[in-house]
Structure formats: C-alpha cells, structure tokens
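Colleague: I should like a close look at one part of this model. Please take the surface first and then add what else bears description.

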Amino acid sequence: MTEPSHAANSLELKDLSVAYRVGRRNRAVLRNVNLTIKAGEAYGLVGESGCGKSTVALSVVRYLPRNGSITGGSIALDGKDVMKLDSEALRRARADSVSMVYQDPGKALNPSLRIGRQLTEIFELSGITGQAATDKATAMLNRVRISDPVSVMQRYPHQLSGGMQQRVAIAMALANDPSMLILDEPTTGLDATVEAEVLDLIGQLRRELSASILFISHNLAVVSNMCDRVGVLYAGMLVEEGWTKDVFNDPRHPYTVALLRCLPRGGQRKDQGRLDTIPGFLPGIGANIVGCAFADRCALATERCRTEPPPLYDLGDGRLSRCHYHDNAQALPRTTPADVPAAPPKHAPPVLQVEGLNKTYASHGHPLRAVKDVSVSLRPGETLGLVGESGSGKTTFARLLLGLVAPDDGGSIELEGKKLAPRLASRTEDQVKAVQIVFQNPDSALNRSHSIRHILSRALKRLGGLSGKTLDTRLEELVRSVRLTDRHLAVKPRQLSGGLKQRVAIARAFAGDPRIVVCDEPTSALDVSVQAAILNLLADLQSRQDVSYIFISHDLGVVRYLSDKIAVLYLGRIMEFGPSEAVFSGPHHPYTEALLSAVPKLDRTESSRIRLDGEIPSAANPPTGCVFHTRCPRKIGAICETQEPQLTEAQPGHTIGCHIPYAELARLQAPKITAAEPA
Amino acid sequence: MSATDTPASLPAPAAPDSARRSPWGEVLHSLSRSGTFLTGLFILLFWVVCALFGQNFVPYDPLASDIINALTPPAADHWFGTDQLGRDVFSRVIVGSRDILTVAPLATILATIAGTALGLVIGYFRGIVDDIVSRVLEAFMAIPVVIIALLAIVALGTSKITVIVVIGLSFAPIIARTVRSAVLAERELDYVAAAKLRHEGALHTMFVEILPNVIPPILVETTVRLGYAIFAVATLSFMGFGIQPPSPDWGLSISSNYGMIGGGFWWTVLFDALAIASLVIGVNLVADGVHGAFND
Ligand SMILES: Nc1ncnc2c1ncn2[C@@H]1O[C@H](COP(=O)(O)OP(=O)(O)OP(=O)(O)O)[C@@H](O)[C@H]1O
Ligand code: SF4
Ligand code: SF4
Ligand SMILES: [Mg+2]
C-alpha cells in the first residue's frame with residue numbers, strides 16, 4: 001500500500017462512458033457505469049463476452065486501445081482523478097498503485113527473457129539493483145508459492161506450465177505493492193486444479209496485502225468464491241449489483257437469473273432436463289438502446305420495458321437492479337422445457353470396446369507414455385466423460401480412437417464388435433465416418449477459406465456418400481438439425497459467432513451418421529449461455545440418433561451433465577472408471593476426490609477443500625509405484641511408492657486403482673460425500 | 001437426423017454478420033490507402049502502358065536508323081538524343097519496356113506455379129520428402145542465376161523462352177521455401193485433421209484445403225520476386241544471353257552503348273539505366289505495399 005491513510009474508496013467510477021471508434025463512428029461500449037470499490041474490498045464483475053468487462057479494466061489504467069476514448073464521467077483511484085493526471089503522474093500511478101493481470105500470462109511475460117531478468121527489471125526501475133533486486137525477486141516468487149524460485153528464475157516463460165506462468169505474472173503484478181489489483185479472467189486458461197490453486201493464492205494474498213481487487217470473470221462460481229460484492233454488466237451497463245451471496249442466491253434481474261440457470265447445477269444430468277439458455281444476442285456496440293437493453297431477450301418484457309429505460313432501482317442493503325419488475329425477476333419463464341423423457345436404460349452390446357491401449361512418444365530419447373494400458377467400453381447412446389488435468393492424456397486417447405495417431409502394438413479398439421485398424425488410412429469408409437470429432441477451437445477446425453455450404457456439402461459427399469439433389473435435401477436437414485438456417489450457408493466461418501461456428505462443426509461431425517463423436521472441450525471457448533445451447537444440442541442429437549460421445553472437458557459440472565460413464569486419467573493411466581453417478585458421488589479415487597473438491601462452487605460451501613500440491617510429474621519420468629503418490633493427500637505409506645495399484649472392481653462396473661480398499665475409502669470420504677457435490 | 005419438431009431448446013441464431021469487411025476487402029482497403037503501394041503502382045502502370053501502346057505514340061520508329069544524325073545530344077527533336085545508329089533514344093526507351101515486361105512477369109508466374117506446387121508437397125508430406133527436396137533446393141539456390149543461365153543457354157540456345165524458363169526455375173525454390181513454411185503452420189490446424197477424417201486424398205487436402213489459406217504469403221513473395229526477375233532479365237540481356245537484337249530492350253541497349261560513355265555520349269546509356277531502375281523501384285514499392293497490407 002502506498003499510503004495507509006488514503007481515501008476510503010480505492011476506485012470510484014462515476015457515470016463512466018467509453019466508446020470505440022469503428023468505421024468513423026464512435027460506438028458506445030460503456031454507458032454511465034457507476035461503481036465503487038472500497039479499500040480492501042474484492043469486487044467481481046461478470047457478464048457475457050463482449051459486455052464491456054475488459055473495457056472497464058482498461059479504462060481504469062487508461063490503457064484503452066487507440067480507437068477507444070472516455071466520452072464521459074470520471075475515474076478516481078485512491079481519490080485522485082485519473083483523467084486529470086498528466087502523463088508523468090499517470091505513469092507513476094500505474095507503476096505505484098495499480099497492477100493488472102490478464103487472462104493470458106503469455107502476454108505479460110516476455111518470451112525471450114529469463115524469468116529472473118524480467119522480475120529484477122521491475123525493481124531496477126525503482127532503483128534497486130544487483131543482489132538486492134535478485135533477493136527481492138526471489139522473495140516475490142516465494143510469495144506466490146513457487147517452490148524452487150532459484151531454478152524458476154533461470155528459466156524462460158515457455159519452460160513453465162500455464163499455472164506457473166500465471167503465478168509469475170501475479171508476482172510481477174504484486175512487485176510494486178499495488179493498492180488496487182485488477183484481475184481480468186486470470187484463471188480462464190487454466191485447468192480446474194491449477195485454477196483452484198491460483199484462486200487460493202489470490203485469496204491469501206488479499207488477506208496479506210489488503211489490496212482492493214477488481215475481479216473480472218465469466219465464471220460465476222469463481223467470482224462467488226472470490227468476491228465480497230459483485231456487479232453484473234450487460235451491454236455496457238451495470239444491471240445488478242449487491243453482496244455476492246445475495247446476488248447469486250436471490251438474483252433480482254432477469255439477466256442474472258438467466259445466467260445462473262445456464263449452468264448445470266446440483267449434479268444436473270441430461271436425462272433430467274435441458275439446460276436453460278438465453279435466447280438472442282447481446283446488442284452490438286454502439287447499438288441504439290431505447291427502453292431496457294435486455295428487453296429483446298427477456299421473457300418478462302412488457303410494453304413499458306420497450307419504451308421506458310429502467311433506472312437502477314435501489315433495493316436497499318447495497319442492492320441495485322436495473323429492471324422495472326425486479327421483485328418478479330425470478331418468475332422468468334424457462335426457454336426450454338425443464339424435463340425431457342428419460343431415455344430407457346440400454347442393454348445393447350457395446351459400440352466401442354478398447355482393450356489395453358498404449359501410446360509411447362519419444363521425448364529427448366526417452367520414452368514418454370502418453371497413454372498407458374487404457375481399457376474402456378461404451379454402449380450406444382452413452383457418453384464417456386474423460387477428466388484429468390492437462391497432460392493426462394485425454395487428447396492423445398481421443399486421437400488414438402480417431403486413428404489420427406497410431407497406438408503402440410498390442411491393445412485393440414473394437415467398433416461394434418469389429419476391430420478398427422490403428423491407422424486411419426487403413427480403415428474402411430464406413431469405419432471412418434463412424435468415428436468423428438468436434439474440435440475445441442472452431443477457428444482451427446473450419447477452413448477459413450471455405451463457405452459453410454462448401455464445408456458441409458463436402459462432408460456429406462465424402463462421409464454420407466451423397467451427391468446432387470439428395471445431397472441438397474440432406475444438407476437442409478443437417479443445417480436445421482443444428483438450428484442454423486439457409487442464410488448461414490453462404491457465409492465464411494469468420495462471419496459467424498463462436499457458438500454458431502461450433503454448430504457448423506457439430507453438423508459436419510454428424511454428416512455421415514456417426515456412431516461415436518469425440519467432443520474435445522467443445523464449449524470451453526464459449527460463454528455460459530452459448531455453452532448451454534451447445535450442450536442441449538448435443539444431448540438432443542444423442543437422444544435422437546443413439547450416437548455415443550467421448551466427451552472431454554475440464555469443467556466437471558459440464559462433464560457430469562452429459563456423461564453416463566467417467567474415466568479419470570492421470571499421467572496417461574486410468575485411475576478410476578465407472579458410471580458417472582458412482583464416480584461423482586463417491587467413494588472415489590483420491591485423485592478424483594481432489595479434482596472434485598477443486599471445483600469452485602456457486603453457493604460458497606467452503607468444504608474442507610483438498611489441494612493438490614506441486615506440479616504434475618513429467619510423463620517422461622513418472623513416479624514409481626502409484627503415479628499419483630507424489631501428490632496424493634491420502635497416501636498410506638511405502639507401498640504407494642513401490643507397487644503400482646491394480647484397477648479393481650469396487651462395485652459392478654466401477655473400478656478404482658488405489659491401494660486403499662474400497663470400504664476404507666468409503667469410511668475416509670464419508671463426511672465429504674455431500675460436500676463434494678458440485679454446486 | 002431428420003426431426004425438426006423436437007423441443008426448440010436453442011435460441012434463433014442471429015443473422016450472419018455480413019457487414020464486416022472480408023479479409024480481401026480489408027487488404028484492398030489498406031492498399032488503396034498506402035502511399036507506397038500507389039506510387040509503385042503508378043510507376044508500374046506507366047511502363048505497362050508504354051509496353052502496350054508505346055509503339056503508337058512515340059515520335060520515331062525505335063528501330064529506324066538515321067546515320068547522319070547519329071549521336072546527337074538531347075535536344076528538342078530528340079529529347080533523349082540519338083544512339084550511334086541515329087535511332088531516337090526516347091522512342092527506344094519507351095518501347096524498350098515491352099520485352100522485359102513480357103519476359104519478367106512470365107518468369108515470375110512460372111516460378112510461382114512451380115514453387116507453390118513444390119512448397120505444398122514438401123510442406124504437406126514433410127519427413128523424408130522434405131529433407132531430400134529441401135537439401136536439393138538449398139544447393140540449387142546457392143548457384144548464381146548467371147551460371148545456371150549460361151549452362152541453360154549453352155544447352156538450349158538463346159531465346160526469350162530460355163530466359164523465362166531459366167529465371168522461373170531458379171526463383172521457384174525461393175517461393176517453394178516460403179510456401180513450405182506457411183504450409184507447415186497450416187497443416188497443424190484442425191481442418192486438415194478433419195479432412196483426414198473424411199479420407200480426403202493428398203491432392204485435395206493440399207490444393208483445395210490448404211492452398212487458399214497460403215495465398216497471402218505467396219502473393220507477397222511473388223511481387224518481391226517480380227522485382228528480382230526484372231533485374232535478372234536486364235542483366236542477362238546486358239550480358240548478351242537474354243533478349244536479342246534488334247529489340248530496343250534496355251539491358252541490350254546499355255550493353256551495346258556503354259562503350260560510348262568514355263566518349264561523353266552519356267545519353268545513350270543513362271536513360272535506359274534510369275528506366276530499369278524506375279521499374280525495379282516501382283515493383284519494389286508495390287511489393288512493400290502488398291507486404292504491409294497483408295501483415296497489418
Ligand atoms: N506429439 C507429441 N510428442 C511428444 N509428446 C506428446 C505429444 N503429444 C502429446 N504429448 C505428451 O503426452 C502427454 C499427454 O498429452 P495430451 O495432450 O493428450 O494431454 P491432455 O490431457 O489432452 O492435455 P490438455 O488438457 O492440455 O489438452 C503430455 O505429457 C504431452 O506432453
Ligand atoms: S425491465 Fe423489463 S425487459 Fe428489462 S429486464 Fe426487467 S422485465 Fe426484462
Ligand atoms: S495408491 Fe496410494 S498414492 Fe496412490 S492414490 Fe491410493 S493412496 Fe494415493
Ligand atoms: Mg487436450
């Protein structure tokens with residue numbers, strides 16, 4: 001902190017309006033935003049992508065892009081008007097009192113300088129040099145809980161994992177003891193366990209530093225765990241504000257209500273109903289808004305909403321809502337039917353049977369076992385969820401199934417009872433079209449030079465064996481089945497939003513009536529409302545066509561919603577495999593237990609969280625015995641270090657690979673079974 | 001997948017955003033505002049017009065000699081003077097753009113086609129194909145064009161076609177190298193994996209899937225190569241291996257007149273040299289503009 005006696009408000013935005021100049025016109029992005037963050041307070045800002053969250057952050061430090069300008073209002077940092085600072089004073093304010101951490105730690109770190117150099121540079125700017133600077137840098141790394149700072153200082157950014165990079169970025173942000181810390185999606189790119197670690201770190205630092213925090217995230221659960229107060233931003237306007245637990249437990253704006261409903265909560269599953277979605281789209285920047293900005297998408301909207309802009313109603317106790325009918329917000333009708341008929345249980349023979357699959361890469365002359373002895377089976381119409389931290393072999397396993405990567409000899413993959421050739425080139429046409437994939441990133445998956453019509457027609461031709469009139473008819477059906485229209489056919493991928501692009505990718509995977517579709521993080525780049533729509537679509541397509549999914553996601557709530565079976569992977573090995581309900585409700589493998597407890601929960605049940613310490617060991621040099629023993633909170637002794645546990649059947653169809661007997665796991669985890677339910 | 005009467009659990013998708021400028025529109029827009037590009041284009045177009053129509057508007061027949069008026073210095077009758085055969089230098093410079101502006105672009109097109117095909121193949125297949133072909137290309141690129149030209153001319157005899165083939169083939173490896181590195185990045189994208197998952201052949205994947213996405217670096221490299229090709233054609237003509245008399249070609253004119261500089265007859269060489277320089281500069285400005293427009 002610069003001054004212990006600074007003004008009570010760390011940050012005060014008054015009627016802040018910001019515009020971006022596009023095509024010779026100033027287009028409003030922020031409209032009269034009023035927001036106050038008190039000293040030592042953590043304030044969360046949530047909203048769909050494009051609603052203006054980052055613009056708020058950038059305005060505070062006046063780092064707006066060149067075409068951006070503040071068109072009205074004021075910004076006060078520690079009581080000082082930022083707009084009135086000259087460039088020198090602004091530079092000092094940025095160096096002394098505000099720090100920012102971005103989503104992508106890569107942006108904050110210079111790829112060509114060693115970590116140590118980048119850290120000492122900051123201190124050199126304030127006149128500390130030589131050994132003193134090095135000592136301070138080491139202290140900074142200790143502060144962000146980096147276990148071996150001396151060796152980390154010697155490394156380049158790309159030699160650190162994403163979580164470590166983000167911790168270094170946070171260390172750099174804290175180097176100047178800021179009184180205001182702005183975190184813009186600091187954990188979005190990270191795995192659930194790493195995310196939990198980074199969030200814990202931020203929480204602890206907050207107590208140590210008493211800095212105020214502006215925390216921006218599209219993940220409502222993360223914000224609910226981190227922040228005292230929360231503001232919901234929509235089309236550049238604050239539409240709701242209040243204490244975090246009030247806003248999330250008792251939302252008073254239909255938009256907040258809708259956002260919360262998009263998330264699969266309380267262990268919701270696809271056979272218990274579809275997720276709610278928010279119809280329509282955020283108004284574009286600079287849109288001329290008459291009446292309520294949310295009216296087009298709000299099922300409660302009345303004539304009054306369309307003509308009379310709602311003021312920010314004060315509901316008392318610091319709660320604000322920009323809705324004429326705030327008392328009634330929770331009566332917002334669902335956009336999707338709450339229940340769908342549960343699919344009858346399946347007794348069909350498995351569509352996929354994988355036995356003893358292995359994949360070894362060569363890494364610097366050492367064998368790297370990316371997938372080791374994996375066996376799973378899956379019935380038609382079922383979803384197999386693959387979970388595990390980054391580098392656990394999920395993507396490699398998916399690529400083996402697809403034939404994009406050839407497995408080691410031995411092991412087998414059977415599709416509907418017939419053996420699949422290891423290489424794609426030697427599979428038959430029927431086998432090729434039977435196993436398809438929806439990639440994580442539609443920008444990479446859809447050829448940017450081709451029109452949507454070309455992309456889908458080609459898939460229908462090659463996978464569906466169609467041509468001429470039949471192809472056209474089928475194309476129309478396919479497009480409608482993913483809820484796109486003819487209008488979308490003529491355009492190129494870049495003219496579509498992320499959610500629409502992902503629908504095209506799904507349509508392409510379904511062109512040849514596949515038996516198995518691999519979904520590799522298909523919604524991780526999407527907003528919650530779009531994610532809900534895509535998950536619903538996948539569930540609908542599955543119940544209609546009896547297709548099976550291999551579903552990879554780091555969001556355990558999402559995996560649980562869609563999966564019938566779960567395989568938990570760690571360093572390429574299966575730790576636990578079984579029916580989704582059994583795996584989630586436990587007793588489970590200690591690794592599964594840790595993964596589940598790392599999930600941030602909306603209702604802030606601060607269950608006795610289990611933390612995984614340390615980095616994931618390298619797959620090229622895995623620990624002896626149980627590969628999880630270096631991080632296992634339940635390790636029982638030497639046996640874990642010497643003897644690899646076998647996957648044993650705990651219950652019919654549910655296997656766990658741990659030396660602790662099932663009954664003992666049940667006893668150990670008993671009090672936590674309820675707490676481990678994701679919110 | 002047939003039913004559309006299932007519960008509509010998705011919002012109506014928004015109309016595609018067609019208002020946004022296409023990437024090509026973006027490039028054209030930025031070119032139209034680039035002073036560098038427009039200046040280069042102006043110079044280039046000037047010479048193209050001379051090449052196409054110069055014959056019709058020059059004051060004298062560029063080939064007609066007039067020995068009596070040989071080696072007159074620049075004056076009102078002969079703006080750029082006359083050469084040792086009394087031919088009008090101004091007319092010769094204007095019309096002299098024709099051969100070089102045929103040969104150099106054709107050579108560049110040949111280089112682009114051959115280089116693109118080669119680059120696609122080695123970038124797409126990588127592995128041993130890439131290793132072998134890349135080594136051969138490197139070795140090839142190490143030999144000066146002039147030596148290749150000499151060998152080819154000895155083998156094929158002198159003609160415009162020879163010059164086109166020689167320059168085209170010696171520039172192809174450079175374009176192949178550019179295309180290869182662009183293809184290496186493209187082939188890692190998931191749309192290529194998606195093509196494999198449709199059992200697409202290598203030709204389809206290379207030419208229909210990947211090629212359209214590597215056009216920008218190819219265009220940039222092609223404009224840069226055109227500058228070098230012009231220079232190479234002029235050099236070969238100067239050395240007597242390229243365009244043959246009686247063409248009023250610039251390189252050829254310099255070659256037959258440079259002995260006169262010592263006698264003070266500078267005008268027989270200077271204007272041809274300036275013409276070559278201006279054309280090369282013009283093309284380079286265009287290349288810079290194109291490069292800038294694609295890399296903004
Ligand atoms: N082509 C390759 N060459 C060498 N090692 C590889 C290769 N592909 C993957 N690996 C290694 O194999 C292991 C598993 O990788 P994989 O990408 O399948 O994990 P993942 O769980 O999908 O990770 P993420 O969630 O980050 O995508 C990792 O240690 C990775 O470094
Ligand atoms: S003011 Fe009307 S349209 Fe706006 S959120 Fe409230 S009910 Fe919906
Ligand atoms: S075998 Fe030991 S180290 Fe491995 S998960 Fe079980 S208790 Fe933990
Ligand atoms: Mg992966």
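Which helix of chain B gives the most to the nonpolar patch, and with how many residues?

Modeller: Helix α5 of chain B, residues 127-142, gives the most, with four residues. This is a predicted model, in which local features need pLDDT of at least 70 and side-chain atom pairs pLDDT 80 or more, while totals for chains, interfaces and linings use all residues. Residues are numbered from 1 along each chain, chains are lettered from A and ligands numbered from 1 as written, and side-chain values use heavy atoms, without hydrogens or water.

The patch covers about 470 Å² and is made by Phe125(B), Ile128(B), Val129(B), Ile132(B) and Val136(B). Its members have over 30% relative accessible area (Shrake-Rupley, 1.4 Å probe, only the protein chains shown as cover) and no salt bridge (Lys or Arg side-chain nitrogen within 4 Å of an Asp or Glu carboxyl oxygen); nonpolar side chains (Val, Leu, Ile, Met, Phe, Trp, Tyr) are joined within 5 Å. Ile132(B) lies in helix α5 of chain B (helices are DSSP H or I runs of at least four residues, strands E runs of at least two). The relative accessible area of Ile132(B) is 51%, so this residue counts as exposed (over 50%).

Chain A holds an open sheet of four strands, ordered β14-β13-β16-β17 with antiparallel pairing (at least two DSSP bridges). Strands β14 (366-378) and β17 (418-419) of chain A stand at the edges, each with a single partner strand, so one side of each has no neighbour in the sheet. Strand β13(A), residues 352-363, runs antiparallel to β14(A) and is joined to that strand by nine bridges; there Gln353(A) stands opposite Ser377(A) of β14(A).

How values were computed: Patches are made of residues with over 30% relative accessible area and no salt bridge: like charges are joined within 9 Å, nonpolar side chains (Val, Leu, Ile, Met, Phe, Trp, Tyr) within 5 Å. Buried means under 20% relative accessible area, exposed over 50%, partly exposed in between (1.4 Å probe, protein chains only).
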